[in-house]
Amino acid sequence: MLAATSTPRIDARKRASINPRRQQFSNAKWQDESYPTRLNCYLIPPTGDVSLEQFEEWGIARLKVLSELEACQFRNKTPTETEEYMRPLLNKHLPLSSNSSRNTEIPLERKRDHYSHWTLRLAFSSTQDLRQRFARLETQLFKLRMQQDDTRERRAFIDALPMSWETVDEQEKASMLADLKAATGCQKSDEENWFKVEWENVPELVERRQVLLRNGMAYVHVREQSSMVANEFSRQLEAGLEQAARFLPRMDEDTRLAPILHHLSQSFVAPDAAYAESSSITDLASFTAASVESESQHFPLCMQNLQRELRKNSHLKHFARLQYTLFLKGIGLNMNECITFWRKSFKLITDDKFKSEYLYNIRHAYGDVGGDANRRGQGYTPYSCQKLLSEALPAAGQNHGCPYRTYNPDNLITLLQSVGVSDKDLLRTVREDVGKQRYHIACNRVFESAHKSELKKVKDESLWPASQLDTILHPNDYFKRSFLLRNLDKIQNGDIGVVSPASRPSQ
């Protein structure tokens, strides 16, 4: 029999009163939201239920989109080029169908978009730099979507916004019509409309001298309404990020969400990219220990550096060996050939020393020996760019990691020149990228310069889909793409195995 416990009665008048600090939550509705339009200003946080898997997966998908958008900016793509480049990526990672499409997935698509935005808002509110980057990229994404939106749906979205502008009435318009037309460059009929808003809310238009300024107010032509909406979106997002930063310390108490948010914030350096078995070249060519040196022309700088140090010193330390072994495994070098490669490379040591100190680690990486992680015989997967960029910096005498991050700028330039990069403008731009910690962008820039003619041919002749020319985020993808581009004519002529990147499984 349970012991009776008495609960103190609460005065009805006290029960009715609400703590002012909690007043904002008193009318919260914990239910799934409705999304009448494709566009969203994300003013209200989501209140429905999602699984932890969805929380993380949706955040990662949005992060990939924002990272590619940032890469477009760093590569100085025009708005038209950016829109064309981003279209397949948005359809792949973050699709948003219009109401007229009659897509049955519309509610889920818009829910995913809403939740993923707030997931990254939490992840990237911790520092001023992250907040600025996130706000800038989200505003770019908002502008891109608004340009692509159906005219009627865009109008319905804008009309529903609680914007801080007002339409200039007929009397005021008539009194200053000549000045309005002169300032905004409109020479059409008198039936044109203008809005007025505080000038601080449209700094871009003021800078471009496309508005009329009177008494602290900016008079904006209706054609600039989209720009006004985007500026308001950016302003509200920046304010929301500041508020999220104050709330963030409470998230540390949640052991489920804190690791996910930390992982996402780390991924802003370079998004994570899972290794795909299709990054090997076994279906294109035979890859042996003897061919590593010749094929190293296709290696990214991190692996070229390891091959260079190995050739120079006939040795690499543990972490460099593991990084390089997994890379070679990933491009198609089988275990026996990998053992042969390392034995020939370590030519200054005896067979007994090699067998006792190095052989087991190679076999373990391939899953031939070892514990739980290797019981299925798969071993470890090759390291992504994100892992190389987020690991601790190598100590003196170590060579693992990403050289764009681990080398000082002068030594990095010397290293690039030693592997054949001589373009002064490219080297200057790489130095700028590294100074701003855009390491994977610098690596992609070097790749694009080295394969400029092949990439032009692929694009001009539409040999590969645009989605297969996105930013490289994995050393093994770098190798595979370089190999394909360098052997483009042979593949087309059937001289070696025919494989198109389009056949690769999505990551």
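Me: Helices here are DSSP runs of H or I with at least four residues, and strands are runs of E with at least two, numbered from the N terminus. On that footing, between which helices does the loop with Cys402 lie?

Reply: The model is predicted. Cys402 is in a loop, not in a helix run. The helix that follows covers residues 403-406. The loop runs between α18 and α19.

Me: Is Cys402 buried or exposed?

Reply: The cut-off for buried is under 20% relative accessible area. Cys402 has 11% relative accessibility, so Cys402 counts as buried.

Me: Which residues does Cys402 touch, leaving out those up to four places away in sequence?

Reply: Contact means heavy atoms within 4.5 Å. Beyond the sequence neighbours, the partners of Cys402 are Cys302, Leu388 and Leu389.

Me: Which positions does UniProt list for "binding site"?

Reply: The record is an unreviewed entry. Such annotations may be inferred rather than shown by experiment. The UniProt entry lists Cys302, Cys385, Cys402 and Cys443.

Me: How many Å apart, at most, are two C-alpha atoms of this set?

Reply: The four listed positions span 142 residues in sequence. They still gather at one spot, because no two of their C-alpha atoms are farther apart than 10.1 Å.

Me: Which residues of this set belong to the lining of the largest cavity?

Reply: The UniProt set can be checked against the lining of the largest cavity. That lining takes in Cys302, Cys385, Cys402 and Cys443.

Me: Which residues does Cys385 touch, not counting those up to four places away in sequence?

Reply: Cys385 sits in helix α18. Cys385 is buried at 16% relative accessible area. With the sequence neighbours left aside, Cys385 touches Leu473, His474 and Pro475.

Me: How far is Thr406 from Leu389 in space, C-alpha to C-alpha?

Reply: Thr406 belongs to helix α19. Outside its neighbours within four places, Thr406 contacts Leu393, Pro394 and His400. Thr406 and Leu389 are 17 residues apart in sequence, and their C-alpha atoms are separated by 8.9 Å.

Me: Is Thr406 buried, partly exposed or exposed?

Reply: Buried means under 20% and exposed over 50%. Thr406 has 27% relative accessibility, so Thr406 counts as partly exposed.

Me: What span should helix α14 have at 1.5 Å a residue?

Reply: Helix α14 has 13 residues, 318-330. The expected span is 1.5 Å times one less than the number of residues. The end C-alpha atoms of α14 lie 18 Å apart, which agrees with the expected 18 Å.

Me: Which helices are included in what covers the buried residues of α14?

Reply: In α14, 10 of 13 residues are buried, so the helix is mostly covered. Among those buried are Tyr324, Leu326 and Phe327. The cover includes α12, α13, α15, α17, α18 and α24.

Me: Which residue just after α14 takes a positive phi?

Reply: The phi in question is about 120°. The residue that takes it, just after α14, is Gly332.

Me: In what order do the strands lie in the open sheet?

Reply: The protein has 25 helices and 4 strands. In the sheet, β1 and β3 stand at the edges, each with a single partner strand, so one side of each is left without a neighbour. The pairing is antiparallel, and the order is β1-β2-β4-β3.

Me: Which residue in β4 is the bridge partner of Glu198?

Reply: Strands β2 (residues 194-198) and β4 (residues 217-221) are antiparallel and share 5 bridges. One of the pairs joins Lys196 to Tyr219. For Glu198, the partner in β4 is Met217.

Me: Which residue takes a positive phi in the hairpin of β3 and β4?

Reply: β3 and β4 run antiparallel, joined by 3 bridges. Leu213 is opposite Ala218 of β4. The hairpin has 2 residues between the strands, and the positive phi near 55° belongs to Asn215.

Me: What share of the residues of the protein counts as buried?

Reply: The protein exposes about 27,500 Å², of which carbon and sulfur atoms supply 48%. Of contacts between residues at least 6 apart in sequence, 68% join residues at least 24 apart. Of the 507 residues, the buried share is 49%.

Key: Residues numbered from 1 in each chain as written. Predicted model: local features only at pLDDT ≥ 70, side-chain atom pairs only at ≥ 80, totals over all residues. Heavy atoms only, no water. Buried < 20%, exposed > 50% of the residue type's maximum accessible area, 1.4 Å probe, protein only. 1 Å grid on protein atoms, 1.4 Å probe; cavity = no way out; pocket = protein on both sides within 12 Å on 5 of 7 lines; lining within 4 Å. Areas by Shrake-Rupley, 256 points an atom, 1.4 Å probe, with all protein chains shown as cover. Pairing = 2+ DSSP bridges.
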